[in-house]
Amino acid sequence: MVFTIANQELRSILREGRFKTAAILLSGLFLLSLVGAFDYYSALKKQHEEAAQTARKQWENQEDKNPHSAAHYGTYVFKPIYPLSYFDRGVDAFTGNTLFLEAHRSHQSKFKTAEERGDFARLGVLTPAFVLGMLFPLFIIVLGFGSAAAERENGNLRLLLAQGVRPSTLFWGKSLGLWGAVLALAIPFFMAGAGGLLVSGAGGEHWLRYACTLLLYLAYFGCFIHLTLLISAWTGRQSVSLVGSLGVWVLICLIAPKAAVNVAKQQYPAPTWQSYNASIKADLKNGVDGHDAADAYTERLEKETLQKYGVDSVQHLPFNWAGFVMQKGEEHETYVFQKHKAELLKVYQQQQQVHQAAAVVSPFVLTGILSQRLAGTDVDVYFDFLAAAERYRIQLVGELNGELTNNFKYGDWDGKRGKAFFAKNSQFDYQPPTLSSLLGSLGKPAAAMLIWLLISGLAAILFFNKLKPV
Amino acid sequence: MFLLQLKYETLRLLRSPMLWLLLVFLAVSVGFGAYNGVRRIAAKRQSVGEMLAQQQEDLGKQKMQADSVARGLKKVGGWYLDPTNVIVVGGVWRGGWVTAFEPAPQSLLAAGMSDLQPDAWRLTLMGKDARGDSEFENPVNLAFGTFDLSFVLAFLLPLLVIALSFNLVSGEREQGTLALQWAQPVATGRLFLMKTLARFTLLAALTLLVTLPILTWSGISLANAAAWQTAGLAVLYSLFWFLLALGVNLRGGSSAQNALLCVGAWLLFTLVVPALVNMVSEKAHPVPSRASYLNEMRDADAYLEAQKKTVLDVFYQKHPNYTRKSEAEKEWQDWYREDFAVMDFDKKFRDSLEQRYIAPAESQSDFAENLTLLSPALSVHRQMTDLAGTSQQAYKASEKSLDASQKNWASFFLKKFEANENLTTADYDVILKFPDKVMAANVSGSSKGAFWLAVQCLLVGFWAWWSGRRLHRA
């Protein structure tokens with residue numbers, strides 16, 4: 001009986017003009033979004049790769065200089081662009097894509113793409129994730145708002161119940177029929193979406209990520225199928241069901257994500273520019289300053305080092321004191337910067353917990369979090385990139401200070417190193433977290449998604465059981 | 001007859017639980033949007049206040065030290081620590097003068113670009129550096145965007161209008177009251193016009209009733225033109241959606257069909273068209289990534305260093321009073337004199353490089369703005385951000401006034417530098433009174449959004465009239 005109802009539901013949906021109209025419009029938008037987003041992605045990827053190569057060349061070919069001067073000259077690292085970012089851009093436009101690395105300073109990343117765009121850019125860009133996350137649920141609502149209500153209004157429900165059809169059977173049949181219509185459109189979309197991975201020649205890891213993304217979106221569509229059927233059964237009237245479903249969509253896709261932002265910012269405000277920088281300045285004073293010999297901490301370090309090596313002057317140390325003190329200063333500065341960045345990160349994590357809490361009312365937020373994480377465009381990957389860049393900065397500056405400490409004589413500030421030395425310095429080779437390493441962080445939101453799917457399904461069955469004929 | 005219709009419509013709607021539900025929803029949304037705006041302004045003011053208070057405190061202390069140094073009561077470890085030195089105070093690496101954007105009360109209307117743009121700039125002798133809380137903004141918050149009044153107006157208000165007008169004619173037809181009305185001894189057209197006018201008057205009154213008190217509560221007084229402009233914009237936007245619902249009704253479909261069509265139009269105008277406009281603009285005017293810009297700046301450093309000698313040749317020819325010295329002979333004044341001498345040439349060259357990124361970004365933005373006519377939501381967004389002074393254009397205009405401030409700041413110190421003078425406490429008094437706030441600039445042509453919305457109302461009105469004529473003929 002379930003399959004008979006499903007078959008009838010599917011055939012009646014496919015026959016209707018609104019399926020054809022909505023399917024044509026949505027397909028057009030999806031294809032457009034795919035082409036546009038892939039074009040943007042490939043141009044950006046190329047530019048970032050070229051910039052990374054140029055930055056390395058500039059580092060290796062910098063004019064001969066003292067290693068510590070080279071540490072001040074610094075280098076740039078660029079956030080890599082991942083293959084699936086054409087599918088879901090995530091927070092990419094809102095994170096700086098460039099980081100300047102130099103001695104003594106841990107800079108913020110610069111140049112957010114969104115900063116330079118016009119005002120309208122804040123209203124969203126057409127991407128495959130936008131079409132699937134924001135628009136596809138409307139397609140489901142348009143197809144399914146009358147599923148139970150129409151049967152009730154046109155008297156079919158009375159006939160069905162009189163024939164011994166159980167309400168839950170009706171739910172499963174209607175649900176399967178709706179799934180059939182959804183898959184008729186979603187499967188071609190998913191196949192077309194994979195085109196980007198094919199063209200970019202992405203490896204197996206990205207295909208696996210894409211497969212997980214598709215499962216995620218199927219679960220998301222399932223939530224909306226259940227919600228639409230639930231509201232249709234609850235209201236029992238087509239017009240009220242339509243208004244109700246749309247109201248729920250507005251709440252889930254528009255209001256909840258934005259309201260969560262405001263609640264998160266008010267509950268866990270980020271530090272002000274002044275307080276953040278003042279705290280760093282204060283902490284920096286409580287340690288060695290490599291550039292200030294008169295600094296109390298430097299003087300104490302000098303005393304301790306002289307004692308340790310049993311000499312009376314830094315000139316008699318078995319290494320270059322200038323390089324040594326520079327590195328000690330660097331270590332203290334790194335400690336301070338990391339301490340404050342960790343505090344800032346904690347605020348961000350608290351804010352993100354509020355976003356995750358919004359997932360209780362919004363599977364859209366949940367889908368966004370998971371989809372971005374799988375695409376490698378979420379905020380956690382960005383922070384991972386920043387942490388890797390900071391580790392590289394420490395390593396690079398350490399190599400330069402090490403050269404100054406071990407291979408330069410005391411007071412030799414005129415000594416220089418050239419291409420042969422700079423070419424041997426470590427290179428920045430950032431590898432984003434692999435899918436297997438993400439499994440831990442994906443587990444909780446994925447479980448939340450399944451709970452959403454299950455509870456919405458159970459609630460829909462409950463309302464189908466309560467459905468009374470006219 | 002209008003008053004009679006108004007009374008009838010009012011009574012009818014007041015009995016509808018849907019109206020009360022929607023009114024509460026709108027009031028809560030407007031209230032929450034305004035509250036968020038108030039909090040946003042308070043946070044900006046706190047942040048800016050901290051920066052400026054710290055600046056006053058630091059310079060106050062520095063003034064005392066300068067006095068001690070000038071009287072010979074205190075020695076400093078080098079010129080770079082001397083509080084009477086123009087370079088130290090005027091700012092090249094340190095020093096300088098922080099000037100902040102002062103958010104206007106109406107900036108609560110729309111967050112616009114305020115979460116991406118700097119709150120303040122440090123003016124120095126050679127330019128200006130940005131600073132502000134946007135450096136610490138969580139990218140997730142930026143990506144989702146904020147719940148502000150502009151969002152409520154552009155996205156949620158149309159839903160209220162649609163809910164109250166999608167069955168304007170079809171509802172009467174389905175209840176059988178339309179035939180009764182047409183049986184009255186009054187011209188059908190007139191009756192219909194009065195009924196429509198009455199319904200819209202009621203809608204407009206409800207919009208004003210919700211908007212104006214909340215704006216007043218949130219700090220935009222009714223004496224402020226922005227309050228009335230916002231309310232006027234809300235009414236005009238309601239008119240657009242009302243006319244659209246009317247046009248849909250006049251096509252003669254059922255209430256369910258009308259609801260679907262109206263919601264489809266809402267979806268198209270508020271979500272799909274803006275996203276499409278952004279995508280097409282991105283394609284038509286691609287902006288290169290700033291990643292390559294930094295590398296170009298590195299190459300520029302090498303080029304400018306190579307050009308420096310030629311520029312300085314010209315400078316020393318024009319200023320024979322200065323002696324060109326070898327590197328070993330140079331004092332700090334000689335280094336900085338040469339830096340200032342090449343400053344304009346450097347800036348011009350670097351600006352020309354930056355234009356390669358700014359120009360396409362501006363073209364992209366202009367292209368998108370030229371497509372405003374395609375969506376009334378774009379018109380509203382544009383007008384609201386212009387009214388709030390948080391649009392990209394407003395920030396650029398404010399930056400120009402900051403550039404003028406920077407020139408004043410630099411010229412005060414450079415005159416003293418050229419005269420080889422040190423700063424006195426009297427100079428500090430002048431410095432401490434230097435303007436440290438810039439109001440969000442008024443955007444020229446700030447009624448463009450409202451203009452486009454009026455045009456869109458005319459177009460949709462014409463379409464509604466055409467639908468009505470077609471139905472009448474049928």
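This report covers the fold of chain A, the sheet and cores of chain B, and the contact between the two chains. The model is predicted.

**Chain A: overall form**

Chain A holds 18 helices and four strands. Its C-alpha atoms fill a box of roughly 105 × 45 × 40 Å along the principal axes. The radius of gyration of chain A is 30 Å, whereas a compact globule of 470 residues would come near 23 Å. Buried residues account for 45% of the 470 residues in chain A. Among contacts in chain A with a separation of 6 or more, 84% link residues 24 or more positions apart.

**Chain A: strands around β2**

Strand β2(A) spans residues 96-102 and pairs with strand β1(A), residues 75-78. β2(A) also pairs with β4(A), residues 110-112. Another pairing of β2(A) is with β3(A), residues 105-106. The table sets out these pairings.

| Strand pair | Sense | Bridges | One opposed residue pair |
|---|---|---|---|
| β1(A) and β2(A) | antiparallel | four | Y76(A) and F100(A) |
| β2(A) and β4(A) | antiparallel | two | T98(A) and K110(A) |
| β2(A) and β3(A) | antiparallel | two | L101(A) and S106(A) |

β2(A) and β3(A) form a hairpin, with two residues between the strands. H104(A) sits in that turn and has a positive phi of about 70 degrees. Strands of a sheet pair through backbone hydrogen bonds, in either the parallel or the antiparallel sense.

**Chain B: the open sheet**

In chain B, four strands make an open sheet. The order is β3-β2-β1-β4, and the pairing is mixed. β3(B) and β4(B) are the edge strands, each pairing on one side only. β4(B) covers residues 437-439. From one strand to the next, the twist averages 25 degrees.

Within this sheet, β2(B) (residues 120-123) and β3(B) (residues 128-131) run antiparallel and are joined by four bridges. The two strands form a hairpin with four residues between them. L123(B) stands opposite K128(B). R122(B) stands opposite D129(B). In a regular strand, side chains alternate between the two faces of the sheet.

**Chain B: nonpolar cores**

The largest nonpolar core has 203 residues. I162(B), Y237(B), F240(B) and A245(B) touch the most other members. Helix α9(B) gives the most to this core, with 15 residues. Apart from this core lies another, of 21 residues. Its members include I87(B), V88(B), F101(B) and L423(B).

Y237(B) shows what such a hub touches. Beyond its neighbours within four places in sequence, Y237(B) is in contact with L153(B), L157(B), P376(B), V380(B) and L453(B). In soluble globular proteins, nonpolar side chains tend to be buried together.

**Chain B: an exposed leucine**

L222(B) lies in the loop between α8(B) (188-217) and α9(B) (225-249). Is L222(B) buried or exposed? L222(B) counts as exposed because 12 C-beta neighbours lie inside 10 Å, and the cut-off for exposed is 12 or fewer.

L222(B) still has contacts further along the sequence. Setting aside residues up to four places away, L222(B) touches L212(B), T216(B) and A227(B). L222(B) and L212(B) are 10 residues apart in sequence. Their C-alpha atoms are 7.8 Å apart in space.

**Where the chains meet**

The contact takes 69 residues from chain A and 69 residues from chain B. On the chain B side, the elements that give two or more residues are α2 (17-70), α4 (139-144), α5 (149-165), α10 (255-284), α11 (290-318), α12 (332-370) and α13 (376-388).

Which element gives the most to the side of chain B that touches chain A? That element is α10(B), with 16 residues. By residue class, this side of chain B divides into 35 nonpolar, 21 polar and 13 charged. The size of an interface is often given in another way, as the accessible area lost when the parts come together.

Notes:
Residues are numbered from 1 along each chain as its sequence is written. Chains are lettered from A and ligands numbered from 1 in the order in which they are written. This is a predicted model: local features need pLDDT of at least 70, side-chain atom pairs count only at pLDDT 80 or more; totals for chains, interfaces and linings use all residues. Two residues are in contact if their C-beta atoms, placed from the backbone, lie within 7 Å. Ala, Val, Leu, Ile, Met, Phe, Trp, Tyr, Cys and Pro count as nonpolar, Asp, Glu, Lys and Arg as charged, and the others, Gly among them, as polar. Two strands pair if DSSP finds at least two bridges between them. Axes are lines fitted to C-alpha atoms, for helices over the stretch in contact, and angles run from 0 to 180 degrees between N-to-C directions. The radius of gyration is taken over C-alpha atoms; the globule rule is 2.2 Å times the number of residues to the power 0.38. A residue is buried if 20 or more other C-beta atoms lie within 10 Å of its own, exposed if 12 or fewer, and partly exposed in between; C-beta atoms are placed from the backbone. A nonpolar core is a set of buried Ala, Val, Leu, Ile, Met, Phe, Trp, Tyr and Cys residues joined through C-beta atoms within 7 Å.
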